[in-house]
Amino acid sequence: MIRLRYWFKYLLLVIFGLFIVMSQPFIIPAQAVNKEAQQQNEADLLTQRGQKQLDIGQAESAFKTWQKATKIYQKLHYEDGITGSLINQNLALQALGLHYRACNTLLSALKLDANASLCATTPQQPTDKMEKLLTATINKQTFSPLNLLGLHNLGEVLRRLGKLDESKKVLSEILSATKWIPSVDTSGILLSLGSTRQDIYKQARNQYSEIEEPVFQKEFVNLIQQQALDSLDIYQQVINTLNTSEQVQLQAQLHRLSLLLDFENWLTGESKLGNKKLASLRTRITQQIQPSVDLLLKNHLAFSRLPASYSVYAKLNFAKSLNKIPDKQFHSQAIEYAESAFQTAKSTNSQRLQSESLGTLGKLKLEQSQTYFEEALGLAQSVHAWDLAYQWQQELGILYKEQGKYKEALQAYSAAIENVTLVRNNLLSKNTDLQFSFQEKVEPLYRDYMQLLLTDSNPNLSRIIQTNERLQIAELENYLQCGKLNLTALNEFEKLDTSPTIIHIIDLVDSVEVISQSPKQPLHHHSIESQLIRGHINNLVDTLQDKNLAYVNADVILEHSQALYNLLIAPIKYLPTSGTLVFTLDASLQSLPMGLLHDGKNYLIQRYGITGTLGSRMQPPKLLKEKQLKAFIAGLSKISPSFYAPNAPKGLKVLPGVEVEIANVKKGITSSKVLLNEDFISPMLEKELSTDDFSIIHLTTHAQFSSIPDRTMIFAWDKPITVSEFNDFLKEKTQSQEGIELLVLSACQTAKGNKRSALGMAGVAVQAGARSTIATLWQVDADSSALLMKEFYQRLKDGLTKVEALRLAQLQLISNPQYQHPSHWAAFLLIGGWL
């Protein structure tokens with residue numbers, strides 16, 4: 001979706017680019033004057049034509065036109081012309097949503113290294129590395145008007161790629177550099193910085209809705225406030241600046257109103273939850289809304305003075321903001337602006353503009369919404385605008401469901417999911433709307449569809465499983481910000497020696513659905529009312545995350561684990577008496593070790609080997625052979641500088657028994673490389689992992705799983721290593737055929753309050769390219785951990801599967817009176833391949 005704030009930028013920057021290109025004559029030989037002057041004139045005309053095409057929403061035509069202009073300038077060896085045309089090409093690519101290509105086109109225009117990963121859509125580099133890269137990039141530039149234009153665009157496109165810290169860095173640097181150049185109008189750059197800060201606010205607000213840990217919630221409340229206030233101040237500064245163009249003024253006013261309304265809504269929600277400190281701030285924000293609306297209504301003629309396509313987005317932006325204010329008069333004005341936008345859109349012959357206008361009218365004129373959405377959908381499909389199509393399909397699905405048209409509703413939801421998948425999987429067109437608001441926009445689509453499927457008297461269980469798988473993989477991809485993951489569904493694996501029973505547990509708020517797949521048996525489904533199970537889940541998770549877990553009476557744990565067994569497992573008809581169970585758990589259950597469930601006589605782990613996976617997808621399972629038992633082992637047995645890092649949890653202490661565990665692991669494998677304490681630093685870890693061929697990585701050091709990716713970390717001596725940094729260390733290795741067979745994190749803990757531990761575990765595993773991962777949900781007693789690991793590796797050496805080796809190691813602890821309390825053995829989870 002092309003938003004208003006970008007369209008004004010296109011207008012101003014293209015005009016600025018034209019001025020530069022056409023006002024910088026170049027020297028040509030006298031004998032070629034006529035011919036080359038004719039070619040330059042042709043290129044200049046193409047540049048102007050491209051601008052007009054972009055003005056009316058014909059971005060693809062504009063791109064092709066500017067490509068032709070670039071070729072002519074290249075023939076003339078006119079460097080400023082080439083640079084200006086490439087910058088213009090980037091504008092068209094941004095309008096088409098091809099942000100990755102736009103970014104690389106800008107690197108070419110600025111003569112920067114396209115291999116520097118600045119534009120990469122894969123997980124971001126560590127902040128310090130990227131800061132150095134950006135500083136070096138900017139320092140290479142001379143601050144000519146043309147280069148400033150290119151750098152300004154680079155800041156814009158980085159924001160659209162979701163690389164917000166990088167965008168802020170670029171824009172701040174060029175603002176700082178241009179302070180001493182009085183002839184440069186910085187209002188457009190300042191506006192872009194305000195937009196980047198607004199996106200940081202949006203990202204933080206949406207992350208906050210997914211954070212479960214109280215300590216991180218407090219931190220994000222402060223971050224959200226700071227970014228919102230900073231952005232509002234920047235917009236006000238642009239509005240107050242003399243000689244700022246009417247288009248930039250209008251854009252700043254629209255952005256500011258939109259942010260005021262969104263921020264007020266968030267503050268209202270937080271105040272209702274009991275955060276009284278925000279009440280005075282909410283009052284201040286609320287008082288600014290009416291004057292902001294009045295200012296825009298007063299400037300209503302400015303909307304009409306814009307080129308047609310920009311006018312459409314400006315009017316729709318204002319209509320959406322007016323509709324958020326609970327006032328009938330404003331609702332009527334919102335409809336007027338949306339209808340005006342549609343009429344203007346029709347004059348451009350742009351199906352995309354018309355589709356977005358009609359979709360907005362569908363949300364405003366409820367009595368005619370179905371007609372509007374159906375027409376908007378047809379137009380979006382005609383131009384393959386899948387980012388719009390899925391929205392209108394979702395809206396139609398809701399309407400059809402309300403009307404009792406379940407067949408039509410199912411078709412609409414199914415098509416919406418296919419289209420949102422298309423949008424998410426397009427790595428060249430990163431959609432930051434979906435990235436920042438996954439829980440708000442994407443997740444409900446999948447869950448509503450599953451609920452709708454369950455209304456059938458004979459529900460399509462296979463479709464529900466498939467939808468849940470896609471949701472969980474999408475959630476993991478969103479968590480890691482890594483693009484499409486290359487994982488395989490379990491039912492696609494062939495020639496496996498053992499076929500597990502797969503148990504899907506899906507939380508649909510009002511109910512928890514259990515669907516089991518046993519070998520050579522039909523699917524089995526049963527449903528549990530949420531009120532019957534929610535208390536047991538929450539109480540058990542709270543108990544297991546208590547720092548005094550070892551002192552909790554085992555009967556307290558058994559009360560909830562037996563209740564959960566009776567609700568979740570006991571009703572399953574085709575459960576074998578032994579074998580392997582693969583659990584696909586929804587977010588609310590991911591911090592529960594399923595082996596802890598108890599049937600009244602035995603724990604589940606005493607009958608079955610248990611592994612977990614997200615979306616029942618993983619890398620193909622593979623049995624570890626004795627000759628493959630080559631391990632990289634690292635650990636910390638002393639207090640290290642990383643314990644005091646700003647992002648480290650408070651109160652980290654020395655892990656006892658680390659050296660004993662390492663010695664036990666070494667006994668159970670054929671060869672190893674060990675880094676202990678001062679030797680276990682991140683550069684050495686990166687070197688060892690990228691250069692040697694280890695099939696096992698065993699880390700006995702503090703690690704934390706969090707619902708926030710950059711707080712999911714493993715502690716080396718010098719610093720905490722985040723999940724994305726860990727991926728960087730293993731890039732070369734994961735590109736090889738073998739990769740890592742087993743990753744073991746034996747001293748992990750889950751951040752207090754986090755119910756989605758498996759998300760962090762699976763994230764680390766995927767980034768490591770590991771077939772299987774063993775990790776702990778809480779920090780386990782040193783002696784019991786060392787004993788379990790000794791037994792586990794010995795069983796692996798004997799040729800057992802990973803799942804059976806772990807199960808027998810846990811059973812040995814259960815059989816020992818000293819270690820039979822669940823705090824000693826239940827924390828160990830296997831994620832991924834069971835062989």
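**Entry 1: H384**

I started in the loop between α17 (369–382) and α18 (386–402), where H384 sits. I am working with a predicted model here, so local features need a pLDDT of at least 70. What caught my eye was the backbone: H384 is not a glycine, and yet its phi is positive, at about 55 degrees. Next I looked up how much of H384 is open to the outside. Its relative accessibility is 55%, and exposed means over 50%, so H384 counts as exposed.

**Entry 2: V509**

I then turned to another backbone angle, that of V509. Phi of V509 is near 70 degrees, a positive value in a residue other than glycine. I found V509 in the loop between β2 (501–507) and β3 (511–517). Buried or exposed, I wondered about V509? V509 counts as exposed, because its relative accessibility is 57% and the cut-off for that class is over 50%.

**Entry 3: the disulfide**

Cysteines came next. How many disulfides does a search of the whole structure find? The search gives one. C103 and C119 are the partners, with 2.0 Å from S to S. I checked where the two cysteines lie, and the pair links distant parts of the chain, 16 residues apart. C103 belongs to helix α5 (residues 99–109), while C119 is in the loop between α5 and α6 (127–139). I also noted the handedness: the angle about the S-S bond is -75 degrees, and the link of C103 and C119 is left-handed. Both C103 and C119 are buried.

**Entry 4: the positive patch**

Last, I went over the surface charges. Which residues form a positive surface patch? I wrote down K35, R49, K68, K71 and K75. Two helices each supply at least two residues of this patch, namely α2 (33–55) and α3 (59–75). Of the contributors, α3 gives the most, with three residues.

I picked R49 for a closer look and placed it in helix α2. With a relative accessibility of 45%, R49 counts as partly exposed. Why not exposed, I asked myself of R49? That class needs over 50%, and R49 has 45%, so it stays in the class in between. R49 can still belong to the patch, because a patch residue needs over 30% relative accessible area and no salt bridge.

**Page summary**

For my own index, I list H384 and V509 under positive phi. C103 and C119 go under disulfides, and R49 goes under the positive patch.

Methods: Residues are numbered from 1 along each chain as its sequence is written. This is a predicted model: local features need pLDDT of at least 70, side-chain atom pairs count only at pLDDT 80 or more; totals for chains, interfaces and linings use all residues. Side-chain values use heavy atoms; hydrogens and water are left out. Patches are made of residues with over 30% relative accessible area and no salt bridge: like charges are joined within 9 Å, nonpolar side chains (Val, Leu, Ile, Met, Phe, Trp, Tyr) within 5 Å. Accessible areas come from the Shrake-Rupley method with a 1.4 Å probe; for residues, only the protein chains shown count as cover. A salt bridge is a side-chain nitrogen of Lys or Arg within 4 Å of a carboxyl oxygen of Asp or Glu. Lys and Arg count as positive and Asp and Glu as negative; His and the chain ends are not counted. The place of a charge is taken as NZ of Lys, CZ of Arg, CG of Asp or CD of Glu. Helices (H or I, at least four residues) and strands (E, at least two) are DSSP runs, numbered from the N terminus. Buried means under 20% relative accessible area, exposed over 50%, partly exposed in between (1.4 Å probe, protein chains only). A disulfide is a pair of cysteine sulfur atoms within 2.5 Å.
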